[in-house]
Amino acid sequence: MILLLLLLVITMIENSGSIETLECKSIFVYGTLRPDDNSGAPWTIEFKQDMVFKKCLFPNGILFYDSYPSVTIITKDNEQDLNKIYKDNQCRGIIGYCATFNKNEGFGEKLSSADAIEEYPSLYNRSLVTVYPIDEENNVIQGEDSIQCHIYHRQNCNRDIVLSDGDWLNRLKYGINVDYQCNYFN
Ligand SMILES: *[C@@H]1O[C@H](CO)[C@@H](O)[C@H](O)[C@H]1NC(C)=O
């Protein structure tokens, strides 16, 4: 009986994770979900609905290109490899936007639709990270609070193509010429 109760409590604690997830109503977007993305992705316009955007930097990762823009977060497990790539390429983190849901109800559905776009959890994973507001020159704005955001990331994507300035809109500079419209059939 005690064991059963214990199991019940553990299950409840585990499930409470999803409630915490919904408490953070911001998503850091750096690729085809950027409000200014110009790669023709068919989902960008719908994602922008009910969101307000603030330009931000996520310093703790690297932007790779592997079929899609893909962030790998630097963690304890990969820091040796990733710190080397970061240094060798003179990386500067990832430029993007903190997209914050601006309605009181319905963030769960918004997050679910973003999950579907990002093919979470089979293609991308989702975690919470801290990002920093930046100005138009991509300098961190001193005195502005950092923001907690969800981020979609791929820890094991192909690492051959590094976008060292972290800016998906500069992808041509790295030889990336994509138009996602072409690959999409209604
Ligand atoms: C997501 O994270 C889990 C747990 O760390 C891992 O097993 C899985 O391979 C990851 N999926 C992707 C797409 O990276």
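**View 1. How much of the chain is buried, and how is it laid out?** Of the chain's 186 residues, 28% count as buried. Keep in mind that this is a predicted model. Its secondary structure adds up to four helices and seven strands. If you walk along the sequence, you meet them in the pattern α-β-α-β-β-β-α-β-α-β-β. Now take the contacts between residues at least 6 apart in sequence: 76% of them join residues at least 24 apart.

**View 2. Here's the barrel, a closed one made of five strands.** Its strands run in the order 1-5-2-6-7, and the pairing is mixed. On average, neighbouring strands of this sheet are turned by 45° against each other, ignoring direction. A quick reminder while you look: strands of a sheet pair through backbone hydrogen bonds, and they can do so parallel or antiparallel.

**View 3. Zoom in on strand 7 and the two strands it pairs with here, strand 1 and strand 6.** Strand 1 and strand 7 run parallel, joined by two bridges. Look for Ile-27, which stands opposite His-150 of strand 7. On the strand 6 side, the pairing with strand 7 is antiparallel and covers seven bridges. One spot to find there is Val-131, whose bridge partner in strand 7 is Ile-147.

**View 4. Next up is the pairing of strand 2 with strand 6.** Strand 6 spans residues 125–133, and strand 2 pairs with it in the antiparallel sense over two bridges. To get your bearings, find Leu-57: across from it, in strand 6, stands Tyr-132.

**View 5. This close-up shows the hairpin of strand 3 and strand 4.** The two strands pair in the antiparallel sense over six bridges, with strand 4 covering residues 68–73. Ile-62 stands opposite Thr-72 of strand 4. So what sits between the strands? There is one residue between them in this hairpin, and Ser-67 lies in that loop. Ser-67 has a phi near 70°, a positive value in a residue that isn't glycine. Is Ser-67 buried or exposed? Ser-67 is exposed, because just 12 other C-beta atoms lie within 10 Å, and a residue counts as exposed at 12 or fewer.

**View 6. Time to look inside, at the largest nonpolar core and its 32 residues.** Which members touch the most others? That would be Phe-28 and Tyr-30. Several elements give two or more residues to this core: strands 1 (26–29), 2 (51–58), 3 (61–66), 5 (94–101) and 7 (147–153), along with helix 3 (79–88) and helix 4 (107–117). Strand 5 supplies the largest share, six residues. Stay with Tyr-30 for a moment and leave out residues up to four places away in sequence. Tyr-30 then touches Leu-63, Pro-69, Val-71, Ile-94, Ile-95, Gly-96 and Trp-168.

**View 7. Here two parts of the chain meet: Asn-158 is in contact with Phe-64 and Asp-66.** That list leaves aside neighbours of Asn-158 within four places in sequence. You'll find Asn-158 in the segment after strand 7. How far apart are Asn-158 and Asp-66 in sequence and in space? They are 92 residues apart in sequence, but 5.7 Å apart in space, going from C-alpha to C-alpha. Asn-158 is exposed, because it has 11 other C-beta atoms within 10 Å, and the cut-off for exposed is 12 or fewer.

**View 8. This one is all about the loop between helix 4 and strand 6, home to Glu-119 and Pro-121.** Glu-119 has a positive phi near 50°, and Glu-119 isn't a glycine. Glu-119 is exposed, because 11 other C-beta atoms lie within 10 Å. A little further along, a cis peptide bond joins Tyr-120 and Pro-121, with omega at about 5°.

**View 9. Last stop: the residues around the ligand, including Pro-121.** Besides Pro-121, the residues around the ligand are Leu-123, Asn-125, Arg-154, Gln-155 and Asn-156. What kinds of residues make up this shell? They divide into two nonpolar, three polar and one charged. Pro-121 is also part of the cis peptide bond with Tyr-120, so to speak a familiar face from the loop between helix 4 and strand 6.

Note on methods
Residues are numbered from 1 along each chain as its sequence is written. This is a predicted model: local features need pLDDT of at least 70, side-chain atom pairs count only at pLDDT 80 or more; totals for chains, interfaces and linings use all residues. A nonpolar core is a set of buried Ala, Val, Leu, Ile, Met, Phe, Trp, Tyr and Cys residues joined through C-beta atoms within 7 Å. A residue is buried if 20 or more other C-beta atoms lie within 10 Å of its own, exposed if 12 or fewer, and partly exposed in between; C-beta atoms are placed from the backbone. Two residues are in contact if their C-beta atoms, placed from the backbone, lie within 7 Å. Two strands pair if DSSP finds at least two bridges between them. Axes are lines fitted to C-alpha atoms, for helices over the stretch in contact, and angles run from 0 to 180 degrees between N-to-C directions. A residue is near a molecule or strand if its C-beta atom, placed from the backbone, lies within 6 Å of it. Ala, Val, Leu, Ile, Met, Phe, Trp, Tyr, Cys and Pro count as nonpolar, Asp, Glu, Lys and Arg as charged, and the others, Gly among them, as polar.
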